[in-house]
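Trainee: I'd like a close look at a single part of this model, with the helices and contacts around it walked through in one go. Could you take me through it slowly?

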Amino acid sequence: GCPDHILNKPGRLTEEEYSKVKEHPVIGASILTPIRELEDVSREVKSHHERFDGTGYPEGLKGSDIPIVARIISVCDVFDAITSDRPYRRKMDTKDAISELKAGLGTQFDPVIVGAFLLAYEKGKIMSIEM
């Protein structure tokens, strides 16, 4: 749902490009909604960029109004984004990703979800590729 020239841009996005990127949760949900077996998942896909403090997008949902699966996807998505190479930056190590998750407790992320994620990581249930 987002043009490759934006996704693969090596530098900072313009305001217009960022607005286009912010459409992807709604586009993804609209792709899934007609598929009966995935209709329920479409709400979680649509909400995975909502923030726990209500400042996210596309609807500005807050706290428990954000579907729990979307809150889980949000934490996993950020961890993956930080620990993966991107056109605009090299991947960072796991310690940096964990620091970012902790820094976003209660604002970007549900503290309970981050706590569960970190516990699973510490127990070896979640792995990242370190190089």
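What follows is a walk outward from one helix to the parts around it.

Trainee: Which residues of H5 are buried, and what covers them?

Mentor: Keep in mind that this is a predicted model. Helix H5 covers residues 68–82, and a quick sanity check on its geometry works out: at 1.5 Å a residue, its 15 residues should span 21 Å, and the end C-alpha atoms are 22 Å apart, which agrees. The buried residues of H5 are Ala70, Arg71, Ser74, Val75, Val78, Phe79, Ala81 and Ile82. As for the cover over them, it includes H4, helix H6 (94–103) and H7.

Let's take the H7 side. Helix H7 runs over residues 111–122, and phenylalanine 117 lies in it. That phenylalanine has a relative accessible area of 8%, so it is buried, the cut-off being under 20%. Setting aside neighbours within four places in sequence, phenylalanine 117 is in contact with Val75, Cys76, Phe79, Leu101 and Ile126. Two of those names, Val75 and Phe79, you've already met among the buried residues of H5. Phenylalanine 117 and phenylalanine 79 are 38 residues apart in sequence, and their C-alpha atoms are 9.8 Å apart in space.

Now for a charged residue on that list. Arginine 71 sits in helix H5, while aspartate 110 is in the loop between H6 and H7, so the pair, 39 residues apart, links distant parts of the chain. Their side chains meet in a salt bridge, at 2.6 Å from N to O. Is the pair buried or exposed? Arginine 71 counts as buried at 14% relative accessibility, and aspartate 110 counts as buried too, at 7%.

The structure holds eight salt bridges, and a couple of others are worth setting beside that one. Glutamate 59 and lysine 46 have side chains that meet in a salt bridge at 3.3 Å, N to O. This pair also links distant parts of the chain: glutamate 59 is in the loop between H4 and H5, lysine 46 is in helix H4, and they are 13 residues apart. Here the accessibility reads another way, with glutamate 59 partly exposed at 47% and lysine 46 partly exposed at 27%. Then there's the salt bridge between the side chains of glutamate 23 and lysine 20, 3.4 Å from N to O. Glutamate 23 is partly exposed at 35% relative accessibility, and lysine 20 is partly exposed with a relative accessible area of 34%.

While we're in the loop between H4 and H5, have a look at proline 58, which is found there. The peptide bond leading from tyrosine 57 to proline 58 is cis, with omega near 15 degrees. For context, most peptide bonds are trans.

Next, H4, one of the elements covering the buried residues of H5. How do H3 and H4 pack? Helix H3 is residues 24–32 and helix H4 is residues 39–46; their axes are 8 Å apart, at an angle of about 180 degrees. Angles over 145 degrees count as roughly antiparallel, and H3 and H4 are therefore roughly antiparallel to each other. On the H3 side, the contact is made by Pro25, Val26, Gly28, Ala29 and Leu32. H4 brings Glu39, Val41, Ser42, Val45 and Lys46. By type, the residues of this contact divide into six nonpolar, two polar and two charged. Notice that Lys46 is in that contact and is also the lysine whose side chain meets glutamate 59 in a salt bridge.

Histidine 24 has its place in helix H3. With a relative accessible area of 28%, histidine 24 is partly exposed. Not counting residues up to four places away in sequence, histidine 24 touches His48, His49 and Tyr57. That brings us back to the cis bond, since tyrosine 57 is where the bond to proline 58 starts. For a sense of reach across the model, histidine 24 and glutamate 100 are 76 residues apart in sequence and 23 Å apart in space, C-alpha to C-alpha.

One last stop, at helix H2, residues 15–21, where glutamate 17 has its place. Glutamate 17 is buried, with a relative accessible area of 14%. Leaving out residues up to four places away in sequence, glutamate 17 touches Ile6, Lys9 and Arg12.

How values were computed:
Residues are numbered from 1 along each chain as its sequence is written. This is a predicted model: local features need pLDDT of at least 70, side-chain atom pairs count only at pLDDT 80 or more; totals for chains, interfaces and linings use all residues. Side-chain values use heavy atoms; hydrogens and water are left out. Helices (H or I, at least four residues) and strands (E, at least two) are DSSP runs, numbered from the N terminus. Buried means under 20% relative accessible area, exposed over 50%, partly exposed in between (1.4 Å probe, protein chains only). Contact means heavy atoms within 4.5 Å. Axes are lines fitted to C-alpha atoms, for helices over the stretch in contact, and angles run from 0 to 180 degrees between N-to-C directions. Angles under 35 degrees count as roughly parallel, over 145 as roughly antiparallel, 65 to 115 as roughly perpendicular and the rest as oblique. Ala, Val, Leu, Ile, Met, Phe, Trp, Tyr, Cys and Pro count as nonpolar, Asp, Glu, Lys and Arg as charged, and the others, Gly among them, as polar. The expected span of a helix is 1.5 Å times one less than its number of residues. A salt bridge is a side-chain nitrogen of Lys or Arg within 4 Å of a carboxyl oxygen of Asp or Glu.
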